[in-house]
Amino acid sequence: MTCSDVQRVLPELLDGAPDGAFQTDFDTHVKSCPACSELVSDLKLISSEARQLAATEEPAPRVWVRIAAELRAEGLIREPQSAPTRPILIPTSPRRRWSAWWLVPVAAALLAAGSYVVSHKPAPQVAKQQAPATSVTSAVPETPAVTSPSVPTSAPQQLAQKSAQPTDIVGPAVGPAVEPAPSAEDQQFLSVVSTRAPSMRATYENQLQAVNADIRETQAYVDRNPGDADARQHLMDAYQQKALLYQIALDRIQ
Amino acid sequence: MESLQETAVVTLVLATCLASAAFAETKKEYRFTVGPNANISVDTQYGAISAKPGSGNQVVVTATLKSDDVEVDNQQNGNRIDIASHLLRGTDQQAGQVDYELLIPPDATLNLHSSTGPLSAERLQGDLTLEGTDAVVNVRNVENGHVHVRTMRGPITLTDVRNGHVEIASISGDVHLKSVTGPLVQASSGSGKIFYDGDFGSGGDYRFITHSGDIEALVPADVSAGFRAHSVLGRVQHDFPLQPRHSRFSEEVGRSFIGTTGQASSEVVLRSFSGKIRLKQR
């Protein structure tokens with residue numbers, strides 16, 4: 001049994017549907033493969049924690065977003081080939097079918113990229129008017145929380161390294177004269193919207209352009225003023241707005 | 001000639017009747033018996049949803065279907081009720097509209113989703129989640145429950161909401177908060193405005209954040225709060241004689257202010273990237 005075979009059969013085994021033939025090969029491989037062993041233990045932890053959640057305490061969508069982002073960062077789930085499909089190892093909400101599920105890790109990747117960009121700006125020299133803690137993480141409590149205690153955390157840097165730099169961010173110019181081309185993720189998003197909710201495409205496209213413009217504007221300011229912690233926090237907020245737009249679209253596209 | 005005229009009239013009448021039948025409204029009522037702290041979810045692509053308190057442990061759902069091209073799926077699993085509109089045959093917005101009126105136990109947890117809305121809830125005490133794309137959201141006279149609202153463009157109005165967590169997020173919708181107090185009141189909008197009319201009471205945390213939308217707070221002269229306001233590119237003004245407070249954040253005239261009034265019982269943070277911020281005295 002190979003690592004890809006393990007990833008394929010793991011959901012069945014975690015759901016308690018053991019197959020004798022698979023079980024033996026599975027156990028043998030896991031014992032000899034550190035990566036798969038760690039994956040199995042992480043998922044068992046998540047699975048056991050999830051079972052303890054009451055029906056009315058279903059994890060917020062951001063929990064699954066983070067799980068998907070981390071698995072994507074570790075290369076354990078694949079990008080959809082054509083039409084968006086559900087990543088193998090991610091459970092779905094019982095109430096909603098997210099056929100455009102790939103948008104969720106993209107939204108999480110946007111947040112992670114924003115966090116990475118913001119947190120890696122050079123910290124200012126000690127100045128009488130600057131806060132001592134200038135990293136984004138110190139300002140996180142001011143924004144809606146994006147973490148969950150049941151999810152194994154991963155450094156924002158790891159996620160950001162895996163996710164693309166925001167391709168729709170123009171350089172530190174004050175503002176582009178011409179609307180830049182949408183990123184690949186945005187194009188895919190609009191393509192899915194066009195297919196599943198064509199009447200809403202114009203609305204989502206306009207909102208997406210507005211949000212991207214906010215991101216560019218804020219990014220440009222941060223580039224010129226790297227020591228401005230509040231501006232970096234606004235950049236995070238702008239990325240969260242974009243993630244919110246993706247999430248609202250996901251909820252409505254069926 | 002007369003027979004031709006008669007035929008034309010009969011044909012016209014028949015066609016009108018058929019057309020009316022296709023778009024005939026249908027009202028359906030569903031009743032459920034639940035225990036305490038029931039969980040009720042209503043999801044419709046097109047249509048209004050309103051919720052009010054009913055009597056006893058009954059949930060009464062009245063659905064008005066605009067055509068036969070949409071049906072209502074309903075399911076009860078113990079204390080959990082799920083109602084959803086199911087569009088048939090690629091139905092459009094007009095034909096696919098279903099309006100819901102709910103009478104629910106006041107302590108029930110409620111989840112309402114509609115792209116078009118409007119969404120409204122009043123006189124309830126359970127947790128509320130209201131989400132819509134363009135839906136106008138109106139929440140009135142809610143106590144003790146947590147209120148979560150998300151819209152893309154729909155404006156959001158909360159009136160007389162007390163003692164719970166309030167979390168509002170909109171891409172470009174305006175947010176109006178009137179007499180809203182609680183341990184946590186958080187509202188964010190990208191380009192929409194945030195307007196607060198209240199007293200920042202209950203010793204809570206109040207956080208209003210926009211990107212380009214203006215923020216305006218209208219509060220009484222005897223408000224007791226610690227304030228921090230900052231706009232990166234916009235103007236910031238206040239009408240209060242703020243007491244200085246020690247803070248790691250700097251103050252820049254016209255761009256930010258920091259200070260306290262009264263006993264500083266609550267904490268108020270007003271942040272915008274390029275919107276104006278105004279703290280006005282009533």
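The following exercises, each with a worked solution, concern a predicted model.

**Exercise 1.** Determine what span is expected for helix 10 of chain A, and how the helix is placed in the structure.

*Solution.* Helix 10 of chain A covers residues 229-252, a run of 24 residues. At 1.5 Å a residue, the helix should span 34 Å. The C-alpha atoms at its ends lie 35 Å apart, in agreement with that value. Next, consider burial: 22 of the 24 residues are buried, so helix 10 is largely enclosed by the rest of the structure.

**Exercise 2.** Identify the residues that touch the most other members of the largest nonpolar core.

*Solution.* The core holds 89 residues, and those touching the most other members are A:Leu245, A:Ala249, B:Leu110 and B:Val139. Helix 10 of chain A supplies the largest share of this core, twelve residues. For A:Ala249, once neighbours within four places in sequence are set aside, the contacts are A:Phe189, A:Val193 and A:Tyr204. A second, separate core has six residues, among them A:Phe26 and A:Leu39.

**Exercise 3.** Establish whether B:Val268 is buried or exposed, and list its contacts beyond four places in sequence.

*Solution.* B:Val268 lies in strand 23 of chain B. Burial requires 20 or more other C-beta atoms within 10 Å; B:Val268 has 24, and is therefore buried. Its contacts beyond four places in sequence are B:Phe200, B:Tyr206, B:Ala225, B:Gly226 and B:Phe227. Of these, B:Ala225 is 43 residues away in sequence, yet the C-alpha to C-alpha distance is 6.7 Å.

**Exercise 4.** Describe the side of chain B that touches chain A.

*Solution.* Here 29 residues of chain B are in contact with 25 residues of chain A. Elements giving two or more residues to this side of chain B include strand 2 (39-44) and strand 23 (266-272). By class, the residues on this side are eight nonpolar, 13 polar and eight charged.

Note on methods:
Residues are numbered from 1 along each chain as its sequence is written. Chains are lettered from A and ligands numbered from 1 in the order in which they are written. This is a predicted model: local features need pLDDT of at least 70, side-chain atom pairs count only at pLDDT 80 or more; totals for chains, interfaces and linings use all residues. Helices (H or I, at least four residues) and strands (E, at least two) are DSSP runs, numbered from the N terminus. The expected span of a helix is 1.5 Å times one less than its number of residues. A residue is buried if 20 or more other C-beta atoms lie within 10 Å of its own, exposed if 12 or fewer, and partly exposed in between; C-beta atoms are placed from the backbone. Two residues are in contact if their C-beta atoms, placed from the backbone, lie within 7 Å. Ala, Val, Leu, Ile, Met, Phe, Trp, Tyr, Cys and Pro count as nonpolar, Asp, Glu, Lys and Arg as charged, and the others, Gly among them, as polar. A nonpolar core is a set of buried Ala, Val, Leu, Ile, Met, Phe, Trp, Tyr and Cys residues joined through C-beta atoms within 7 Å.
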